[in-house]
Amino acid sequence: MVLEYEQGTLKNALANLIQSCKSIGHVNQIYSQVTVSTFLSQKDRSFLIFRLLFYLCTVSKWHSSLAYANKIFNHIPNPSFSMFNAMIRANATKVSDPVSCGCLILYKEMLVSGFTPDWITIPFVLKECWRRLDLTAGRSIHDHVLKFGYQNDVYVGNGLINLYSVCGVLENARKVFDEMPKRDIVSWNSLIIGCLRLGELDLALKLFMAMDERKTIVTWNSLITGLVQGGRAKEALEFFHQMQTTKDDDDPNIVIPDKVTIASAISACASLGAIDQGRWVHSYLERKGMECDLVIATALIDMYAKCGYVKRAFEIFDTIQNKDVFAWTAMISAFALHGFGTKAFELFQAMQRSGVKPNAVTYVNLLSACAHNGLVDQGCWYFKTMTNVHRVEPLLQHYACMIDIFGRAGLFSEAEELIRSMPMKPDTFVLGALLGACQQHRNFELGVKVSRDLIRLEPRNHAFYINLCDLYLKSGRFDDHKRIRSLMKVHDIKKTVPGSSMIEIDGVVYEFSVNRSPEELTKKLQSVLILLSNELKIDKETSFMT
């Protein structure tokens with residue numbers, strides 16, 4: 001009786017100590033006591049070891065918690081099912097290394113030990129599969145889901161949707177979603193995010209409108225951000241405004257935009273050049289007392305710069321206390337975009353003095369500024385400094401800028417030599433920069449060669465054929481011009497994306513294109529054009545009479 005009392009007292013004391021551990025050192029002391037104490041039964045020892053594992057896997061935030069948990073687990077001769085689940089969960093949530101396969105190894109050991117995974121095990125193993133982009137392993141886990149009968153579990157279903165979405169197999173993700181007897185907000189968000197990630201914007205919108213769950217801030221942010229990144233900024237702004245007025249029948253509260261929403265809305269305004277709406281979003285940020293952090297401040301710099309307000313962009317830049325590389329780069333880009341090359345170069349020097357290391361985008365903007373200002377030597381110097389000093393490997397964008405610099409100066413030999421020395425094949429941007437220079441300097445022979453190279457890269461691109469036809473006409477090669485025109489007709493090569501333009505009037509962005517223009521505004525524009533045409537006719541007749 002006394003021994004049982006002492007055993008119970010020690011067990012409870014050690015269990016309480018586990019919950020109040022302050023460091024890995026404390027955990028090590030408790031583990032040592034558990035393993036060597038003669039006052040603990042085997043049952044109590046197993047209980048305390050599991051408590052230690054559970055604490056390290058779920059509660060502890062120390063960097064070395066998982067490593068110590070793995071060490072304890074590896075010394076357990078016959079781990080229980082709960083121990084396997086705790087370790088699989090920890091490896092899925094605490095490890096961010098994309099090549100880690102700890103969960104899959106533990107899962108295999110669990111099966112070999114004769115345990116059947118449950119609805120808690122499967123989602124964490126699936127998480128490691130999509131983090132590793134391991135579709136093969138993921139499909140095997142899906143087979144186990146069907147084998148063990150977990151296909152109707154909502155958490156398992158969500159894991160499968162994530163797996164197939166991240167791995168780019170959207171049809172499988174949609175199939176899992178459609179076959180789920182019960183869905184939650186995570187199910188909808190996972191599929192919508194998957195559609196947006198893979199460029200299926202229309203399907204994402206369709207799902208968003210069909211949602212039978214209350215839309216959360218994650219839902220709205222995913223859609224708005226996805227539309228901005230997908231080049232549909234006007235719709236993104238429309239949903240941003242809709243978000244602030246939409247109420248749910250069961251919950252009268254409106255979803256409040258957060259920093260992610262604001263940053264995305266500002267980016268949308270920048271893409272559209274919608275300064276009035278951009279100012280409204282900026283004022284909304286201030287009215288709501290939201291912190292203008294580095295991300296939002298950088299987005300504001302970009303927005304004001306793209307809308308032509310460089311001075312306002314610099315005022316915001318000047319208020320940032322601890323500028324990171326993205327803030328510096330955004331302001332350098334603003335100066336370069338508007339032809340203030342000297343200011344861009346001075347700001348770059350200030351950036352270096354502040355100790356912030358430039359990145360690849362910084363150098364793209366500097367080289368662009370050199371191109372627009374005709375600074376060949378300075379451009380060459382930046383191109384060398386990029387690799388020799390800051391160890392930034394040149395990308396295709398950097399080579400395109402250098403070709404633009406040489407091309408604008410008419411240095412075609414240097415441009416061709418640089419293209420030949422590239423470690424990768426030139427893309428349409430590199431060759432396009434050279435083609436633009438050929439047209440500018442009327443170098444028709446090289447221009448025809450470059451146009452043919454561009455057509456080989458993109459045989460269905462209508463613009464490249466038009467450029468080639470234009471060069472043939474200007475160089476007097478009329479038969480070749482007719483031949484290319486006939487070739488375009490035979491292969492049905494024509495412009496597929498209609499030209500469009502946007503204009504902001506009183507805070508409203510109007511889009512005009514060949515296929516879709518506001519009907520009411522189009523009629524008004526036609527009326528104005530007819531009126532102007534009639535006035536010109538009257539002026540012409542009056543001038544003739546006098």
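Which residues do ring pairs link into a cluster with Phe317? They are Phe314, Trp328, Phe335 and Phe340, joined to Phe317 by ring pairs. Keep in mind that this is a predicted model. Across the whole structure, a search turns up 21 aromatic pairs. Below are two of those pairs, then some charges over rings, a look at how helices pack, and a few backbone angles.

**Aromatic pairs**

- Phe50 and Phe54 make a tilted aromatic pair, with 6.2 Å centre to centre and 40 degrees between the planes. The pair counts as tilted because its angle falls neither under 30 degrees, which would be stacked, nor over 60, which would be edge-to-face.
- These two rings sit on one helix: Phe50 and Phe54 are four residues apart in helix α3 (residues 42-59), so about one helical turn separates them.
- Neither ring is fully tucked away: Phe50 is partly exposed at a relative accessible area of 25%, and Phe54 is partly exposed too, at 38%.
- Phe317 and Trp328 pair edge-to-face, 5.2 Å centre to centre and with 75 degrees between the planes.
- Here the partners come from two helices, Phe317 from α18 (residues 310-319) and Trp328 from α19 (residues 325-337), so the pair ties together parts that are eleven residues apart in sequence.
- Both Phe317 and Trp328 are buried, and both belong to the cluster that also takes in Phe314, Phe335 and Phe340.

**Charges over rings**

- Lys215 has its charged end over the ring of Phe208, 4.9 Å from the ring centre.
- Arg312 does likewise with Tyr304: its charged end sits over that ring, 5.5 Å from the centre.

**Helix packing**

- Helix α25 (residues 428-441) and helix α27 (residues 462-474) have axes that come within 12 Å and cross at roughly 25 degrees. That angle is under 35 degrees, so α25 counts as roughly parallel to α27.
- The crossing of α25 past α27 is left-handed.
- If you want to find the contact on screen, look for Thr428, Leu435 and Gln439 in α25, which meet Phe464, Asn467, Asp470 and Leu471 in α27.
- Over in helix α6 (residues 102-112), the buried residues are Gly102, Cys103, Leu104, Leu106, Tyr107 and Met110.
- Those buried residues of α6 are covered by elements including α4 (65-74), α5 (81-94), α7 (121-131) and α8 (135-148).

**Backbone angles to look at**

- Gly114, just after α6, takes a positive phi of about 95 degrees.
- Most residues other than glycine have a negative phi, so the next two residues deserve a glance.
- Arg391 has a positive phi, near 55 degrees, and is not a glycine. Arg391 belongs to the loop between α22 (376-388) and α23 (396-408). With a relative accessibility of 63%, Arg391 counts as exposed, because the cut-off for that is over 50%.
- Asp492 is also a non-glycine residue with a positive phi, about 55 degrees. The loop holding Asp492 runs between α28 (478-490) and β1 (500-505). Asp492 is partly exposed, at a relative accessible area of 45%.

How values were computed. Residues are numbered from 1 along each chain as its sequence is written. This is a predicted model: local features need pLDDT of at least 70, side-chain atom pairs count only at pLDDT 80 or more; totals for chains, interfaces and linings use all residues. Side-chain values use heavy atoms; hydrogens and water are left out. Rings of Phe, Tyr and Trp (its six-membered ring) pair if their centres lie within 6.5 Å; planes under 30 degrees apart count as stacked, over 60 as edge-to-face and the rest as tilted. Buried means under 20% relative accessible area, exposed over 50%, partly exposed in between (1.4 Å probe, protein chains only). A charge sits over a ring if NZ of Lys or CZ of Arg is within 6 Å of the ring centre and within 35 degrees of the ring normal. Axes are lines fitted to C-alpha atoms, for helices over the stretch in contact, and angles run from 0 to 180 degrees between N-to-C directions. Angles under 35 degrees count as roughly parallel, over 145 as roughly antiparallel, 65 to 115 as roughly perpendicular and the rest as oblique. A crossing is left-handed if the near helix is turned anticlockwise from the far one by less than a right angle, and right-handed if clockwise. Contact means heavy atoms within 4.5 Å.
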